Amino acid sequence: MGIRQEELWSKYQFMCFCRRCSALPPTYVDRALQGTSTFMYGCTTNGSDDVVVQKLTDYMDVAVSEYLSNGNPESCCEKLESILSQEAPTTVKLQPLHYLSLKAYTVLTSAYKVRGYQLLLALDPNSNVHQVESFKMNRISAAYSLLLAGSTQHLFLSESSLIASLANYWTSAGETLEGLVRSSVSNSSGEWASRKLCTCLLLGSFDANLISGKAQIAEFEEISRGFLTCISVILPRVWDFLIHGCAYLEIIEQPVAFSGSKGSTSYRYEQENRSQTMSDLFQLSAHCLIYGRYLSNICFGGTSAGLSWNS
């Protein structure tokens, strides 16, 4: 009996005989979703501690419940990031692809976005402090949405059943990035107009496949490789900008690399590079939105809703 089968039976008295559930040893995806590091006496060993992970699950559930009931996103962010950073009182550090990490990224994307919105509501017309802080919260929200999408993309390469979730995450990341760009350039002059059009030739390939409804395996693999190649070029130019000021994210490699943690970074946002940064963010947004739409078309057929970035 496979490990997933044992878990399903012990928890739900249900048995599944699909290839993934019956696999021995567990598939890469299941190992990644359960991945932890146990810290003892200054040493790190990969392993699993069900009791501690359950405590972290309960701690996270309480934090999310409090957030939903009292509307305090700041407290929720602090608690979830303490779990991710191993500041919570446990001997276990969750790996970036652990299922609790993915859950935390989902909640943190929302919580930081709410924090940004609340700051705008409290905006002082005589000061831009709240506006600056609101933009920071939206930056971090966009970074977490990219981390969630990139994490799921990595898992999707080994488990195709994640395609519907992946479509949603890339679309959400694109929308969050688009909102960030629009909030930054809303008061800009006409210089942005000349940069608005996304010129990547790959996007034309997306649209052609959406119109024809074709999604052959070879075409899908080619388009997916092209998408990952494009964002792997764009993302390093904006990742440090997006994560600046968030201690947990500052030790994470760009979310499509997954080569492990990195050392702390020191980022300076040069004003003269502002226009190029916003242009790169827009290009990234366009790619995420159209790839998410492309995946949705494969999952659900038909034509997805139009993309606002093209309007």
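**Exercise 1. Around the end of α9**

Task: Find the sign of phi at G245, just after α9. Then locate the bend in helix α9.

Solution:
- Step 1. G245 comes just after α9 and takes a positive phi of about 95°. The model is predicted.
- Step 2. Go back into helix α9, residues 217-243. The helix bends by about 45° at L235.
- Step 3. Look past the bend. A proline, P236, follows within four residues.

**Exercise 2. The chain as a whole**

Task: Give the order of the elements along the chain. State what share of the residues is buried.

Solution:
- Step 1. Count the elements: the chain has ten helices and three strands.
- Step 2. Read from the N terminus: α-α-β-β-α-α-β-α-α-α-α-α-α.
- Step 3. Take burial. Of the 311 residues, 44% are buried.
- Step 4. Take contacts between residues at least 6 apart in sequence. Of these, 67% join residues at least 24 apart.

**Exercise 3. α3 against α4**

Task: Classify the packing of helix α3 and helix α4 from the angle of their axes.

Solution:
- Step 1. Two numbers describe a helix pair: the angle between the axes and the distance between them.
- Step 2. For α3 (residues 50-70) and α4 (residues 73-84), the axes cross at roughly 165° and come within 8 Å.
- Step 3. Angles over 145 degrees count as roughly antiparallel. Therefore α3 is roughly antiparallel to α4.
- Step 4. Assign the hand: α3 passes α4 in a left-handed crossing.
- Step 5. List the residues that meet. α3 brings L56, Y59, M60, A63, E66 and Y67; α4 brings P73, C76, K79, L80, S82 and I83.
- Step 6. Sort this contact by class: nine nonpolar, one polar and two charged residues.

**Exercise 4. α5 against α6**

Task: Repeat the analysis for helix α5 and helix α6.

Solution:
- Step 1. α5 spans residues 99-121 and α6 spans residues 129-156. Their axes lie 8 Å apart, at an angle of about 160°.
- Step 2. That angle makes α5 roughly antiparallel to α6.
- Step 3. α5 passes α6 in a left-handed crossing.
- Step 4. The contact of α5 with α6 divides into twelve nonpolar, nine polar and three charged residues.

**Exercise 5. C288 and its surroundings**

Task: Is C288 buried or exposed? Which residues does C288 contact beyond its neighbours within four places in sequence?

Solution:
- Step 1. Place the residue: C288 lies in helix α10, residues 274-300.
- Step 2. Its relative accessible area is 0%, so C288 is buried.
- Step 3. Leave out neighbours within four places in sequence. C288 then contacts L146, W170, T171, G174, L177 and F227.
- Step 4. Compare sequence and space for C288 and A167. They are 121 residues apart in sequence, yet 9.2 Å apart in space, C-alpha to C-alpha.

Notes
Residues are numbered from 1 along each chain as its sequence is written. This is a predicted model: local features need pLDDT of at least 70, side-chain atom pairs count only at pLDDT 80 or more; totals for chains, interfaces and linings use all residues. Side-chain values use heavy atoms; hydrogens and water are left out. Axes are lines fitted to C-alpha atoms, for helices over the stretch in contact, and angles run from 0 to 180 degrees between N-to-C directions. Helices (H or I, at least four residues) and strands (E, at least two) are DSSP runs, numbered from the N terminus. Angles under 35 degrees count as roughly parallel, over 145 as roughly antiparallel, 65 to 115 as roughly perpendicular and the rest as oblique. A crossing is left-handed if the near helix is turned anticlockwise from the far one by less than a right angle, and right-handed if clockwise. Ala, Val, Leu, Ile, Met, Phe, Trp, Tyr, Cys and Pro count as nonpolar, Asp, Glu, Lys and Arg as charged, and the others, Gly among them, as polar. Buried means under 20% relative accessible area, exposed over 50%, partly exposed in between (1.4 Å probe, protein chains only). Contact means heavy atoms within 4.5 Å. The bend at a residue is the angle between axes fitted to the seven residues ending there and the seven starting there.
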